[in-house]
Structure formats: C-alpha cells, structure tokens
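Me: I have a model open and would like to learn how to read its features one by one. Could you walk me through it, beginning with a single contact between charged side chains?

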Amino acid sequence: MRELTSWSAGVADPGAFPYDPVVDAFHRVGKHFVDKELLARLDEARARVAGHDERARLLRDFLDVALDKWDGRYDYRSYLALRLLRLPDGTDDPPPVGGGDARRVRDRLVVRLVADAVTFELASAAKVTGLLPEQRPGRAVVAKRCRLGVRAAMPALARLGLTETIDDATPATAATALATVAAGLDTTGDPPLRLSMLPVHVTHDEYLFIRVLQAYECVFAGVADELRAVVVALHTGSPAPAVDRLGYARELLGTAGSLFSLLATMQPAAFQTFRQYTEGASAIQSRSYKLVESLCRTPAPQRLDSVAYRSVPEVRARVRDGQPTVDEAYRRAVHEGRLAEPARRMVAAGMGRFAEALAQWRRTHYGVAVRMLGRRPGTGYTEGTPYLAAVRDLPVFDAVDPYPPRPTGDRPE
C-alpha cells in the first residue's frame with residue numbers, strides 16, 4: 001500500500017508502477033482473498049493511467065487482470081491473463097505460407113511458460129520460495145514434472161534449434177538447463193511472465209495449472225493460424241502448402257498432448273482446493289480452441305447455439321458471418337477442379353491425420369478431466385465431464401473419411 005500510495009501521489013507514471021509489491025500482495029493470499037482496500041486503491045490507480053504507449057497499455061492490462069473479480073467480469077481469459085502474454089490469438093489475417101515469425105513467437109512463449117513452471121517446482125522443492133505453500137507435492141512428483149515439462153518443451157526447442165543445450169542427465173539438471181535456455185528467449189518488450197501469474201489461492205499446484213493452460217492457449221492459437229492458412233492455400237489451388245500447414249498443425253497438437261501428461265501430475269485434492277475459487281472461469285470460454293473447431297468445419301446449429309459458443313461471442317459472430325473452413329475449402333477445390341488426383345488424396349490424407357490428432361487430444365482431455373473432477377460440475381457454470389463426453393466425438397471434418405476408430409486405454413502418463 002505504501003508504494004502504491006506514493007505512486008498515486010505523484011505523476012502516476014505507468015513505467016514507475018510498483019508491480020512487484022502489488023504482485024507480492026496477491027501472491028500472499030491469492031486473488032480471491034486480496035484485501036478490498038487494496039483493490040479499491042488499484043481501481044483508483046487504473047483511472048489515472050494516461051497515454052497509449054506500451055507502458056500504459058501494459059499497466060491497464062495488468063490492472064484489468066488483477067481487478068477482474070472486483071469488476072465482476074472474471075472469466076477464463078482474465079484468469080489466465082492472456083492479454084498480458086501478448087499472444088497472437090489467431091484472429092488476424094493469416095500469415096504468409098512461410099509463417100516463420102508468428103511460429104517462432106509462439107514457440108518461444110511455450111518454452112518460457114513450461115520452463116517457468118518447472119523452475120517453480122525446483123524452487124519449491126529446494127525451499128527457496130514461499131510462494132503458494134499449501135499442498136506441495138513430494139520429490140518424486142517434482143522429478144516427474146521436470147521430466148515431463150522438458151519433454152513437452154522439446155518440440156518447440158527443436159524448431160528453435162536449441163535441443164542440444166538440454167542436459168538430460170537427471171530431470172532436475174534437464175529442467176535447470178531448460179530454464180537457462182528460456183531466460184535467453186526473452187526479447188525486448190516482452191511483458192514479465194510474473195505479471196501473468198495471479199492465482200486465486202495459495203495452493204501449490206495452481207501454478208502448474210495456470211502455466212499449462214496458458215501454453216495450451218498458445219498452441220491452439222498457432223493451430224488456428226495454420227488452419228486459416230490451409231483455407232487460403234486451398235482457395236488458391238496450392239495443395240502442397242495446404243498439406244504442409246496441416247502437418248504443422250498436427251505437430252502442434254502433439255505438443256498439446258505432452259502438456260496433458262504434465263497436467264495429469266496435478267494432485268486431485270489440490271485441484272479441488274483451488275478450483276472452488278475459480279467459479280466463472282472455464283476452458284469452455286477458450287477462444288483459441290473454438291477457433292480451431294470452427295475453422296475445421298462449420299458447427300451445427302445446435303452446437304453454435306450451445307453454451308460453448310455463446311461463451312465466445314467473437315468466434316460465434318465470425319461463424320455466423322460465414323467464416324471459411326477447411327472442410328468447405330476442400331469441397332470447393334474438388335468441385336471446381338483445383339484438386340485433381342493425386343493432389344486430392346494427398347490433402348484428404350493430411351486432413352485425416354490432423355483429425356485423428358485432434359480427436360486424440362479431445363479424448364485425453366476427457367480422461368484428465370474425469371481424473372480431476374469425476375462427475376462434479378465444471379467451473380464457469382458448465383456441467384463438467386458430461387459436457388466433454390458429449391463433444392469428444394464430434395466430427396472434425398465432414399468432407400473426408402472419418403478418422404480411425406477410437407483406441408482403448410487413452411490415458412496420459
């Protein structure tokens with residue numbers, strides 16, 4: 001409060017805002033329990049932020065995330081502080097077929113998020129941090145998280161050409177090496193990751209939960225961009241780039257699968273402790289996932305009118321305005337003769353492989369949710385696992401042969 005009072009009494013320079021003591025105050029008790037007087041003072045500070053440069057924008061976005069419960073607009077996106085991650089969200093025009101810059105931005109962010117999660121695990125195990133002290137896991141779980149975290153980051157590291165820097169002699173040394181690599185990926189203008197970590201409670205596992213969900217959002221924003229580029233390639237009669245994009249999108253889904261293995265190390269009891277304070281925020285509100293689903297094929301009317309799409313009005317509006325889809329672009333390309341054999345078979349096979357990967361992700365998502373939730377209702381006023389069971393077998397595409405029958409035993413490690 002002292003630092004905030006001093007800042008407010010001066011010129012209220014956004015670049016001089018006392019981020020660290022404010023974040024510390026949130027970390028001591030969890031966002032759900034922050035003192036109302038502090039929240040009121042932050043609300044007053046927000047009203048004083050002037051200017052439109054990056055420093056002012058960062059401060060406004062941070063205060064909006066910190067005050068989401070105070071404002072009565074707490075949801076999945078504010079819980080994950082997605083605006084603070086400066087994440088390309090797949091809503092702009094698709095990048096050129098090369099797509100390198102956007103891909104590298106997302107790969108760097110995924111590595112940084114995962115590295116930050118395992119760094120926290122190591123710091124907690126070494127008792128050098130007092131952050132989120134309740135229900136800390138044992139050393140075996142920490143070692144497993146380090147191993148799985150490094151594995152989840154490896155595809156992005158490979159695309160960045162950085163795999164040789166990882167020493168995997170032990171999970172801890174590999175995780176430490178990953179943290180060193182991640183520290184070198186910060187670029188000028190990147191908001192500090194610390195600002196995007198505002199848990200609702202002081203339960204240890206919420207840190208992992210937030211970082212993994214943020215990484216998911218990064219991955220699915222990337223998948224959405226790839227699918228939109230597939231549509232462009234099919235419309236212009238370019239089957240090879242379309243197949244390349246589908247393959248890259250499928251590769252990204254592999255990263256999402258590895259993240260599930262990491263998420264599955266959460267302690268169910270710890271999850272149940274902090275989730276009671278996340279009511280109003282649910283992954284059903286994920287814009288990036290709905291972009292992916294709706295870019296594959298146009299959702300059926302009942303799906304579009306469901307709570308899933310009503311939770312993402314921007315995406316729903318795009319669909320209602322006639323958003324192009326891969327399914328429709330493929331049908332039109334075949335009908336208009338832009339995909340003759342064998343190009344048609346090549347694209348159809350790429351679509352089928354992508355569909356299989358997305359279906360596998362849905363099934364694994366359902367399996368992890370059952371482990372954590374059982375039959376309990378979901379947050380965000382959703383019905384939880386029954387909802388996931390109902391949508392896990394939705395068709396990915398209509399225009400190509402269905403993906404293979406569902407195998408048994410789909411469980412994350």
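Reply: Gladly, and keep in mind that this is a predicted model. Let's begin with one pair: Asp-71 and Arg-46 form a salt bridge, and their closest N and O atoms are 2.8 Å apart. Asp-71 belongs to helix α5 (residues 68-71) and Arg-46 to helix α3 (residues 36-48), so this pair ties together parts that are 25 residues apart in sequence.

Me: Where do the two partners stand on burial: is Asp-71 buried, partly exposed or exposed? And what about Arg-46?

Reply: The reading rests on relative accessible area, with buried meaning under 20% and exposed over 50%. Asp-71 has 31% relative accessibility, so it counts as partly exposed. Arg-46 has a relative accessible area of 17%, and is therefore buried.

Me: How many salt bridges does a search of the whole structure find?

Reply: The search finds 39. A useful one to set beside the first is Glu-54 with Arg-57, whose side chains meet at 3.4 Å, N to O. Here both residues lie in helix α4 (residues 54-66), three residues apart, or about one turn of the helix. Glu-54 is partly exposed because its relative accessibility is 36%, and Arg-57 is partly exposed because its value is 42%.

Me: Which residue forms a salt bridge with Arg-106?

Reply: That partner is Asp-225, with the closest N and O atoms 2.7 Å apart. The two come from distant parts of the chain: Arg-106 sits in helix α7 and Asp-225 in helix α10, 119 residues apart. Both residues are buried. Elsewhere, salt bridges that share partners join Asp-43, Arg-46, Glu-54, Arg-57, Asp-61, Asp-64, Asp-71, Arg-73, Arg-83 and Arg-86 into one network. You will recognise the Asp-71 and Arg-46 pair and the Glu-54 and Arg-57 pair from before.

Me: Let me step back to the overall picture. What is the secondary structure of the protein chain?

Reply: The protein chain has 19 helices and zero strands. It contains 413 residues, of which 55% count as buried. Contacts are worth reading by sequence separation too: among those between residues at least 6 apart, 77% join residues at least 24 apart. As for the surface, the chain exposes about 17700 Å², with carbon and sulfur atoms supplying 54% of it.

Me: Can we follow one residue through such contacts? Where is Phe-274 found?

Reply: Phe-274 is in helix α12 (residues 268-275). Its relative accessibility is 0%, so Phe-274 counts as buried. Setting aside neighbours within four places in sequence, Phe-274 is in contact with Tyr-79, Val-200, His-201, Thr-203, Asp-205, Glu-206, Phe-209 and Met-266. You can also look at the backbone: the C-alpha atoms of Phe-274 and Val-202 are 7.8 Å apart, although 72 residues separate them along the chain.

Me: Now for empty space. How many cavities of 30 Å³ or more are there?

Reply: There are two. Let's take the second largest cavity, which holds about 100 Å³ of space. It is lined by 14 residues, and Arg-103, Arg-106, Asp-107, Arg-159 and Leu-252 lie nearest its centre. Arg-106 is the salt-bridge partner of Asp-225 that we met above.

Me: Which helices each supply at least two residues of that lining, and what classes of residue does the lining have?

Reply: The helices are α7 (100-125), α8 (139-160), α10 (205-235) and α11 (239-263). Helix α7 gives the largest share, five residues. By class, the lining has seven nonpolar, two polar and five charged residues.

Me: Last topic: backbone geometry. What should I look for?

Reply: Look for exceptions, because most residues other than glycine have a negative phi, and most peptide bonds are trans. In this model, a cis peptide bond joins Glu-341 and Pro-342, with omega about 0°. Pro-342 is in the loop between α17 (326-335) and α18 (343-373).

Me: And which residue has a positive phi near 55°?

Reply: That is Ala-12, which is not a glycine. Ala-12 lies in the loop between α1 (2-9) and α2 (19-29), and counts as buried because its relative accessibility is 5%. Leu-132 also has a positive phi, about 50°. Leu-132 lies in the loop between α7 and α8, and with 0% relative accessibility it therefore counts as buried.

Technical notes
Residues numbered from 1 in each chain as written. Predicted model: local features only at pLDDT ≥ 70, side-chain atom pairs only at ≥ 80, totals over all residues. Heavy atoms only, no water. Helix = DSSP H or I, 4+ residues; strand = E, 2+ residues; numbered from the N terminus. Buried < 20%, exposed > 50% of the residue type's maximum accessible area, 1.4 Å probe, protein only. Contact = heavy atoms within 4.5 Å. Areas by Shrake-Rupley, 256 points an atom, 1.4 Å probe, with all protein chains shown as cover. 1 Å grid on protein atoms, 1.4 Å probe; cavity = no way out; pocket = protein on both sides within 12 Å on 5 of 7 lines; lining within 4 Å. Points joined across faces, edges and corners; volume = space filled by probe spheres on them. Nonpolar A, V, L, I, M, F, W, Y, C, P; charged D, E, K, R; others polar. Salt bridge = Lys/Arg side-chain N within 4 Å of Asp/Glu carboxyl O.
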